[in-house]
Amino acid sequence: MSQASQHGKWTLSSSDDDNDDPLPSASNNNSPLLFGSPPPDQHTSSESNHNYPKIGSNFHQPKHDPDPPPSIEVKPEPKSDTVTAAPPISIGSEARHAAHASQLKPVKYDSNQSSPFLAGKRKKDEDSISGWALSDNPPPKRSNPKLKKAKVEERPPSPHGRTYYIDEPDDFFETSVPPVNDTYRFYLNKVTGLEKRYNTGALHIKEILSPLFGTLKESVQFNYCFDIAWMLQQYPPEFRDKPVLIVHGDKREAKARLLQQAQPYSQVRFCQAKLDIAFGTHHTKMMLLWYEEGFRVVILTSNMIRADWYQKTQGLWMSPLYLRLPKGSPETAGESPTLFKRDLLEYLGAYRAPEITDWIQRIREHDLSETRVYLIGSTPGRYLGSDMERWGHLRLRKLLRDHTRPIPNEEKWPVIGQFSSIGSMGLDKTKWLAGEFQCTLTTLGKSSLRPDPPMHLIYPSVDDVRTSLEGYPAGGSLPYSIQTAQKQIWLHSYFHRWQAETTGRSHAMPHIKTYMRASPDFTQLAWFLVTSANLSKAAWGALEKNNTQVMVRSYELGVLYVPSAFSMSTFPVQMDVFPATTPSTSFPVPFDLPPKRYSSKDQPWMWNIPYTQAPDTHGNIWVPS
């Protein structure tokens with residue numbers, strides 16, 4: 001989602017609020033009292049004071065301790081936050097996310113405020129509006145010759161402002177092949193501001209694209225948000241002019257702006273994914289990397305914007321290096337026991353795009369037999385009969401049925417879902433979550449038993465966001481709206497805090513999405529999934545017509561780990577993930593187990609209401625316009 005700021009519009013990472021209904025205008029968002037109080041038996045939302053979400057970001061350089069800050073320091077207001085304005089650029093899906101072209105200034109916390117809205121008081125000058133406009137309808141275009149003359153690549157990288165990012169230290173990036181988790185090939189991203197040991201064995205995009213992993217000839221970037229100039233800078237100089245195909249879902253004005261970004265770069269080409277169902281997005285995040293030595297696939301959770309690779313928690317699966325098959329090999333050659341090659345080709349074929357044809361042929365010519373994960377994709381459409389199990393959560397259900405086994409006392413094995421966005425679930429849990437999605441997550445083998453185990457949903461609370469490395473602007477990538485939340489108060493009884501001491505990432509807000517089934521003592525996993533799919537029907541699909549068809553709105557992609565593919569009965573949970581210096585048979589879960597349930601004072605982060613009662617780590621508050 002694009003938001004206007006003093007520094008031009010910037011793209012909110014993966015703001016795929018996949019509700020069936022469009023987002024209401026910001027003019028209807030002003031009163032948090034609309035949210036109401038939860039029923040007496042639901043303790044996961046605040047029952048007393050409502051922490052008004054705050055907007056406002058600090059445009060000066062933050063200083064980070066080696067470890068995540070244990071407490072909040074209210075920093076003094078900088079002497080100047082003036083930065084040259086950048087052009088209004090929106091590079092996410094625009095179908096439902098048009099934003100006002102208003103200007104922003106950071107809103108500082110004032111402990112003497114008599115009203116939580118004073119910090120967002122509007123001035124007469126329209127260009128000094130405090131807050132972010134969340135509107136269905138863009139305002140009339142204003143004539144601004146300065147903006148028209150500005151260069152595309154000057155778009156600010158963060159709501160904090162142009163000077164927010166610091167250069168990583170010299171030892172941040174690996175100079176030799178990083179410690180490789182050969183067992184699972186699952187990695188977290190490097191996070192700026194953490195102690196070095198928590199980044200040892202993690203991967204930054206610069207490392208993924210570096211010669212450490214191959215001599216690049218050509219690549220494809222599938223994603224939701226792009227900052228093309230920044231993305232190309234992540235390629236090493238010797239690969240920067242190699243052909244890059246960008247697969248996106250933008251339409252109309254957003255597409256035009258994306259193409260405008262690429263004008264200076266002749267090596268960039270585009271493929272527009274077909275989105276024929278309303279409110280769908282191209283949310284898949286994947287790299288196809290073609291080397292002189294072979295071919296590689298990377299499936300990840302990060303957008304191609306700097307904010308996603310800076311101080312958020314992200315995850316990725318990196319394939320082995322796939323070597324070229326001997327000429328004349330049969331079509332079935334190079335297949336893995338998990339049928340990954342077949343499924344990847346089927347997923348790419350679903351785009352029906354001539355721009356991808358050459359890549360489909362290249363994949364056919366390579367040996368993918370070492371792959372030990374299963375591919376789980378979503379593609380837009382309505383599917384009948386056996387096609388219902390090709391995509392989305394019914395695809396996950398089929399894989400769990402076919403490749404896992406029932407476990408004694410499995411009704412005590414909780415299901416865990418962790419995500420960064422939430423769609424509309426319905427008036428109660430039977431509408432989709434328990435009546436449909438939970439049936440998938442609780443599948444183990446071909447048993448007809450459908451137990452009702454605990455379900456733990458991990459989503460950051462207001463305080464998690466407030467005390468994060470980014471402060472309140474981290475909430476821009478957690479697009480759960482009050483309009484959706486107030487329709488499903490029942491959902492919040494499932495919520496648990498984001499805590500990740502085991503990976504050092506408690507203060508790096510999650511943009512990663514993971515789902516898993518854990519033992520009652522949380523030391524074993526029955527399976528693990530990392531994916532782009534948030535908790536929404538648009539991403540996972542929803543049954544229709546008396547369960548005779550499934551409708552999927554969006555493109556998503558993830559990989560499923562099941563123990564049988566690794567000759568194991570369960571995955572042991574790794575207790576100390578970092579530093580990751582040697583391969584391990586224990587699985588590196590990104591967050592702490594067991595999850596910590598919301599207290600009666602905790603409330604889920606909602607991005608379009610104010611938070612003014614306490615400052616964030618940069619001394620700012622959050623006041624949406």
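The following exercises, each with a worked solution, concern the packing and local geometry of a predicted model.

Residues are numbered from 1 along each chain as its sequence is written. Local features in this predicted model need pLDDT of at least 70, side-chain atom pairs count only at pLDDT 80 or more, and totals for chains, interfaces and linings use all residues, while side-chain values use heavy atoms, leaving out hydrogens and water.

**Exercise 1. Helix packing**

Determine how helix H5 is oriented relative to helix H6, and state which residues meet.

Solution.
- Step 1: Helices (H or I, at least four residues) and strands (E, at least two) are DSSP runs, numbered from the N terminus. H5 spans residues 340–349, and H6 spans residues 357–364.
- Step 2: The two axes come within 10 Å and cross at roughly 175°. Axes are lines fitted to C-alpha atoms, for helices over the stretch in contact, with angles from 0 to 180 degrees between N-to-C directions.
- Step 3: H5 and H6 are therefore roughly antiparallel, a term for angles over 145 degrees; under 35 is roughly parallel, 65 to 115 roughly perpendicular, and the rest oblique.
- Step 4: Contact means heavy atoms within 4.5 Å. On the H5 side, Lys341, Leu344, Leu345, Leu348 and Gly349 take part, and they meet Ile360, Ile363 and Arg364 of H6.
- Step 5: Seven of the 10 residues of H5 are buried, where buried means under 20% relative accessible area, exposed over 50%, and partly exposed in between (1.4 Å probe, protein chains only). Among them are Leu344, Leu345 and Leu348.

**Exercise 2. A lysine in a strand**

Establish whether Lys513 is buried or exposed, and identify the polar partner of its side chain among other side chains.

Solution.
- Step 1: Lys513 belongs to strand S17, residues 513–518.
- Step 2: Its relative accessible area is 1%, so Lys513 is buried.
- Step 3: The Lys513 side chain makes a polar contact with the side chain of Ser420 at 3.2 Å. Such a contact is a pair of N or O atoms within 3.5 Å; within protein, one must be able to donate a hydrogen and the other to accept it, and residues adjacent in sequence count only if both atoms are side-chain atoms.
- Step 4: The Lys513 side chain also reaches the backbone oxygen of His511 at 2.7 Å.

**Exercise 3. Aromatic pairs**

Classify the ring pair Tyr459 and Tyr480, then the pair Phe495 and Tyr598.

Solution.
- Step 1: Rings of Phe, Tyr and Trp (its six-membered ring) pair if their centres lie within 6.5 Å; planes under 30 degrees apart are stacked, over 60 edge-to-face, and the rest tilted. The structure holds 38 aromatic pairs.
- Step 2: For Tyr459 and Tyr480, the centres are 5.8 Å apart and the planes lie at 85°, so this pair is edge-to-face. These two residues are 21 residues apart, and both are buried.
- Step 3: Phe495 and Tyr598 also form an edge-to-face pair, with 5.7 Å centre to centre and 65° between the planes. Phe495 lies in strand S15 and Tyr598 in the segment after strand S22, so the pair ties together parts 103 residues apart in sequence.

**Exercise 4. Backbone geometry**

Identify the configuration of the peptide bond from Leu593 to Pro594, and describe phi of Asn409.

Solution.
- Step 1: The bond from Leu593 to Pro594 is cis, with omega near -5°. Pro594 is in the segment after S22.
- Step 2: Asn409 has phi near 60°, a positive value in a residue other than glycine. Asn409 sits in the loop between helix H7 and strand S13 and is partly exposed, with a relative accessible area of 48%.
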